[in-house]
Amino acid sequence: MEWYRCPHAAYTISRAVHLARLGAFDPACRSCPHRHDAADLAPSRARAWQVLEAANQCPQPDTYDGAVFGTLHNQISLPVVRRLALGWAHFVIAGHAREHGNAASPADGGGSVRVLLAGDGRPESVPLLAAACEGLRMAGCHVLDMGAALAPAAVNAAARQGAALAVYVGNPPGRPHTAGVCLWGPRAEPAAAGDLSTAMVRAPGALRHEGGGWQPLSAREPYLSCLRPWYHGLRPLRFVLHSTSRVLGQWLAELLDQTGCEARWPPLRLAVLGEGGGASKEVPAGPHLKAVDSSQVFAGGEGAAACSLGPRGEALAALQQETLAAAAHFGIWCDGDGRRCVVLDERGRMIPPERLLVALVRLLAAHRRAGSTAVVLEQACRQETQVQLAALGIRVHRCEAGRSVRQAIIDRGAIAGGGPSGCLWFDAAALASDGTAGTAANAGPQLDALAVLTLWLHLLSLRDLPASQAVEQPLRGCPPRHVRTETAPPGE
């Protein structure tokens with residue numbers, strides 16, 4: 001007779017008892033080295049164990065730049081989102097208590113901590129959004145539900161409402177079968193990787209019996225009001241947009257309503273406007289199409305997680321083909337949250353993020369009424385870029401890529417920051433067309449793909465030049481000279 005011993009048990013059992021416990025799905029069997037004996041059970045029980053084994057082998061979601069993301073229903077599921085929202089809420093509240101002692105957290109009249117919740121509007125994100133709301137209310141928070149919105153609009157609304165934290169359920173990788181959650185803490189600061197890990201691992205097991213409240217919040221107009229002035233007097237530009245965000249297409253269509261611009265959304269990738277979305281033409285690959293090099297896009301972060309946030313090669317190739325087929329002035333890929341983007345010129349070639357940042361910073365500097373202009377560049381930026389910016393009278397500061405760029409922008413009083421990583425940060429106050437602080441100024445620097453697209457449309461409308469020349473022109477005619485480099489201290 002064969003004898004077995006269950007994990008952490010002090011006595012042995014027979015094979016019959018062993019199989020009986022496997023058939024009853026005893027919790028201790030999950031870690032038993034002999035659990036593969038379940039193949040000898042009834043077919044239905046054996047198939048159930050196969051499902052459990054597959055669930056045990058699911059990879060953990062990736063974390064980067066305040067976002068937790070992965071494959072939908074695999075790495076990102078309802079329990080994962082609920083536990084993450086619950087853990088993050090308790091983490092922020094506990095951190096506030098340690099920092100301020102017995103001082104009250106930002107709360108409504110009932111004493112509950114206010115949190116802002118929003119989603120990307122996809123049908124598959126609705127259950128995840130409900131799970132996040134459930135986790136926040138389990139933590140005793142008062143949820144301000146913004147509904148379908150862009151991530152930058154959500155964090156701006158959180159700053160205006162004085163919320164202690166913000167949670168956005170969206171699609172950071174921007175692919176059809178992925179999903180994720182973006183988290184911000186006090187002062188609209190993205191969650192750090194270590195804080196995310198702590199919140200996921202140390203989520204409380206005991207929940208409050210009395211849940212927090214919920215109320216809807218309409219807060220998109222203050223965000224769009226900062227962008228509307230940039231759409232006056234645009235050229236009749238035509239461009240192709242690829243994104244999984246329905247909200248991005250809807251808001252952009254509203255902004256372009258009174259202009260002569262034509263935006264094309266391929267219906268297979270973004271069905272927003274129905275018949276107005278246009279039809280994409282199939283263009284066979286050939287020698288006239290140059291492959292888009294996306295190896296450096298979003299590659300300036302920490303490991304493979306940062307690279308997985310950027311568009312894949314086939315996604316950029318499809319955008320390139322449709323941009324050429326439509327004879328568009330440019331093409332743009334945006335992630336599902338409306339935070340990151342990649343721009344292609346009229347030839348289908350990717351515009352390096354570093355050059356795009358320089359062109360947009362010069363545009364913003366020209367619209368400022370008074371005061372000097374500063375910009376934060378990543379350490380990987382070329383020295384030539386720093387020389388050209390300094391020759392235009394723009395102060396240049398250096399720091400490492402990632403969340404430190406945002407802090408450096410705040411500390412140095414800069415209007416923007418970024419570099420080869422593809423993450424372009426813009427201060428909300430700098431987006432006001434008159435150079436004054438806008439309604440979203442308290443949110444500080446944020447990643448905002450719609451703001452990048454808005455400034456890019458305005459830049460192309462200033463001169464009758466193709467995109468490939470418009471992005472190069474700000475770098476011409478400036479004599480090189482020695483420039484002193486100001487480096488942000490480590491940890492900023």
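The exchange below goes through several assignments made on this predicted model and the reasoning behind each.

Me: What makes R235 and D464 a salt bridge?
Reply: Their closest N and O atoms are 3.5 Å apart, and because the criterion asks for a side-chain nitrogen of Lys or Arg within 4 Å of a carboxyl oxygen of Asp or Glu, the pair R235 and D464 counts as a salt bridge. The pair links distant parts of the chain, with R235 in the loop between α7 (220–225) and β10 (238–242) and D464 in the loop between α14 (449–462) and α15 (467–470), 229 residues apart.

Me: Why is R235 called buried, and why is D464 called exposed?
Reply: R235 has a relative accessible area of 17%, and since buried means under 20%, R235 falls in that class; D464, with a relative accessible area of 68%, lies over the 50% that marks exposed residues.

Me: How do you know that R340 forms a salt bridge with D335, and what is the relative accessibility of each partner?
Reply: The closest N and O atoms of R340 and D335 are 3.8 Å apart, which is within the 4 Å limit. R340 has a relative accessibility of 2% and D335 one of 0%, so with the limit for buried set at under 20%, both R340 and D335 count as buried.

Me: Why do E384 and R382 count as partly exposed?
Reply: E384 stands at 44% relative accessibility and R382 at 33%, and because partly exposed covers the range between buried, under 20%, and exposed, over 50%, E384 and R382 both belong there. These two residues form a salt bridge as well, the closest N and O atoms being 3.6 Å apart. Elsewhere, R220, E221, R228 and E254 are joined into one network by salt bridges that share partners.

Me: How do you know that C334 is in no disulfide?
Reply: The nearest cysteine sulfur, that of C341, is 5.2 Å away from C334, whereas a disulfide requires two cysteine sulfur atoms within 2.5 Å, and therefore C334 is left unpaired by this criterion. For C399 the nearest cysteine sulfur, that of C381, is 9.4 Å away, and C399 is likewise in no disulfide. The structure as a whole holds zero disulfides.

Me: What makes β3 and β9 the edge strands of their sheet?
Reply: The open sheet of seven strands has the order β3-β4-β8-β7-β5-β6-β9, with mixed pairing, and β3 (62–64) and β9 (214–216) each pair on one side only. Strand β6 (residues 142–148) is joined to β9 by three bridges and runs parallel to β9; because two strands pair if there are at least two bridges between them, β6 and β9 qualify as a pair.

Me: Why is the aromatic pair of F25 and W49 called stacked?
Reply: The centres of the two rings are 5.7 Å apart and the angle between the planes is 25 degrees, so the pair meets both the 6.5 Å limit on centres and the requirement of planes under 30 degrees apart. F25 lies in the loop between α1 (15–23) and α2 (43–56) and W49 in helix α2, so the pair ties together parts that are 24 residues apart in sequence.

Me: What makes W88 and F91 a stacked pair?
Reply: Their ring centres are 5.5 Å apart and their planes lie at 20 degrees, which is under the 30 degrees that stacking allows. W88 and F91 are three residues apart in helix α3 (residues 78–100), which means that about one helical turn separates them.

Methods
Residues are numbered from 1 along each chain as its sequence is written. This is a predicted model: local features need pLDDT of at least 70, side-chain atom pairs count only at pLDDT 80 or more; totals for chains, interfaces and linings use all residues. Side-chain values use heavy atoms; hydrogens and water are left out. Helices (H or I, at least four residues) and strands (E, at least two) are DSSP runs, numbered from the N terminus. Buried means under 20% relative accessible area, exposed over 50%, partly exposed in between (1.4 Å probe, protein chains only). Rings of Phe, Tyr and Trp (its six-membered ring) pair if their centres lie within 6.5 Å; planes under 30 degrees apart count as stacked, over 60 as edge-to-face and the rest as tilted.
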